[in-house]
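Hello,

Here is the structure I promised to pass on to you. My notes follow below it, arranged by topic so that you can read them with the model open.

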Amino acid sequence: MNQPDLLTIILLGIVEGLTEYLPVSSTGHLILAGELLGFSGEAGATFDIAIQSGAILAVLVAYWGRFMGVARGLLVREPTAFAFIRNVFLGFLPAAIMGVLFIKAVEAMLESPTTVAVSLIVGGIAILVIEKRMGEPRVFGVEALTPRNSLLIGLGQCVAMIPGVSRSGATIMAALMLGVDRKTAAEFSFFLAVPTISGATVLMLWKNRDSLDASNLSAIGIGFAVSFVVALAVVKGFVALVSRFGFAPFAWYRIIAGSAALVWLAMR
């Protein structure tokens, strides 16, 4: 893997931390940022996926009390604790299967900035439509999700294998269409990120293990630390933000950013 300079590492870490849990596509932003900074291709894709683990740690820290409560509940066989684990597992399962089956197709799409730009625009329009048509929420709390709904949300997450779609956006919008309230939809997206991104990171690093050396690992370590700090701030503020303003601001941002990216790509 080629070695990015320190400024590139920090900027990509900030981009990852800012966008991982917002419905704007972290992968899409990292691809576009990599193109802009001159760090793309296989090396850029490996780095981008590796530093996502910093965002995972942010969720574990922000929701440590929640995870420990679930762990204690499992020990005393609380139904809600088992429901939490069941729902996260079912939500993760489709992405795990699809990721293994279609990894080569996904890797090919990671090299297309144009795909990212178009997906940003289409995804923004989809968010506006879903927000406008959603009814009153009927499901409050991750533990209240049915197995069917958890699986359907997991299938929605698979759409995010297309760069620019947004993993968090796909899961949140799928949840909203199923009558889940905004807070629960956002938190379920956070929790699904833990196994989903962890699995993708391990798979990508193992696949590219021969190209990694000490200098690459130091770059990944710095990117990891930056993405963790930024993502922690985002996670703590995102639920309050969407509970008050909804997702429309992110939809309009996607449309504007995607349009600007298309113009920039056409002018290169």
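**Salt bridges**

Searching the whole structure turns up 5 salt bridges. Please keep in mind as you read that this is a predicted model.

A good place to begin is Arg 66, which pairs with Glu 143; their closest N and O atoms are 3.4 Å apart. Arg 66 belongs to helix 4 (residues 64-75), while Glu 143 sits in the loop between helix 7 (113-133) and helix 8 (147-158), so this salt bridge ties together parts that are 77 residues apart in sequence. Both residues are partly exposed: Arg 66 has a relative accessibility of 25%, and Glu 143 has a relative accessible area of 27%.

Arg 66 has another partner as well, since its side chain also meets that of Glu 187 in a salt bridge, at 3.5 Å from N to O. Here the link runs from helix 4 to helix 10 (residues 182-207), and the two residues are 121 apart along the chain. Glu 187 has a relative accessibility of 8%, under the 20% cut-off, and therefore counts as buried.

Helix 10 also holds Arg 182, whose partner Glu 131 lies in helix 7, so that this pair ties together parts 51 residues apart in sequence. The closest N and O atoms of Arg 182 and Glu 131 are 3.1 Å apart. Arg 182 is partly exposed, with a relative accessible area of 27%, whereas Glu 131 is buried at 15%.

Which residues do salt bridges with shared partners join into one network? They are Arg 66, Glu 143, Lys 183 and Glu 187.

**Helix 7 against helix 12**

Helix 7, which carries Glu 131, also packs along helix 12 (residues 248-267), their axes coming within 8 Å and crossing at roughly 155°. Angles over 145 degrees count as roughly antiparallel, and therefore helix 7 is roughly antiparallel to helix 12. The crossing of helix 7 past helix 12 is left-handed. As for what lines this contact, its residues divide into 15 nonpolar, 6 polar and 2 charged.

**The nonpolar core**

In soluble globular proteins, nonpolar side chains tend to be buried together. In this model, the largest nonpolar core has 46 residues, and those touching the most other members are Tyr 21, Val 59, Phe 190, Phe 191, Phe 238 and Phe 247. Contributions of at least two residues each come from helix 3 (41-62), helix 4, helix 5 (79-101), helix 7, helix 9 (167-177), helix 10, helix 11 (214-245) and helix 12. Which helix gives the most to this core? That is helix 10, with 9 residues.

**Two places in helix 3**

Two residues of helix 3 may be worth displaying together with their partners from elsewhere in the chain. One of them is Gly 54, in helix 3, which is buried at 0% relative accessibility. The C-alpha atoms of Gly 54 and Phe 228 are separated by 4.2 Å, although the two residues are 174 apart along the chain.

The other is Thr 46, also in helix 3 and buried, with a relative accessible area of 3%. Its C-alpha atom is 6.4 Å from that of Met 204, a residue 158 positions away along the chain.

**Positive phi in two loops**

Most residues other than glycine have a negative phi. Against that background, two loop residues may interest you.

Arg 77 is not a glycine, yet its phi is positive, at about 60°. Arg 77 lies in the loop between helix 4 and helix 5. Is Arg 77 buried or exposed? At 70% relative accessibility, Arg 77 counts as exposed.

Ser 166 likewise has a positive phi, near 90°, without being a glycine. This serine is found in the loop between helix 8 and helix 9. Ser 166 is buried, its relative accessible area being 3%.

**Where to look**

If you have time for just a couple of views, I would suggest the network that joins Arg 66, Glu 143, Lys 183 and Glu 187, and then the contact of helix 7 with helix 12, where the axes come within 8 Å.

Best wishes, and happy browsing!

Conventions:
Residues are numbered from 1 along each chain as its sequence is written. This is a predicted model: local features need pLDDT of at least 70, side-chain atom pairs count only at pLDDT 80 or more; totals for chains, interfaces and linings use all residues. Side-chain values use heavy atoms; hydrogens and water are left out. A salt bridge is a side-chain nitrogen of Lys or Arg within 4 Å of a carboxyl oxygen of Asp or Glu. Helices (H or I, at least four residues) and strands (E, at least two) are DSSP runs, numbered from the N terminus. Buried means under 20% relative accessible area, exposed over 50%, partly exposed in between (1.4 Å probe, protein chains only). Axes are lines fitted to C-alpha atoms, for helices over the stretch in contact, and angles run from 0 to 180 degrees between N-to-C directions. Angles under 35 degrees count as roughly parallel, over 145 as roughly antiparallel, 65 to 115 as roughly perpendicular and the rest as oblique. A crossing is left-handed if the near helix is turned anticlockwise from the far one by less than a right angle, and right-handed if clockwise. Ala, Val, Leu, Ile, Met, Phe, Trp, Tyr, Cys and Pro count as nonpolar, Asp, Glu, Lys and Arg as charged, and the others, Gly among them, as polar. A nonpolar core is a set of buried Ala, Val, Leu, Ile, Met, Phe, Trp, Tyr and Cys residues joined through side-chain atoms within 4.5 Å.
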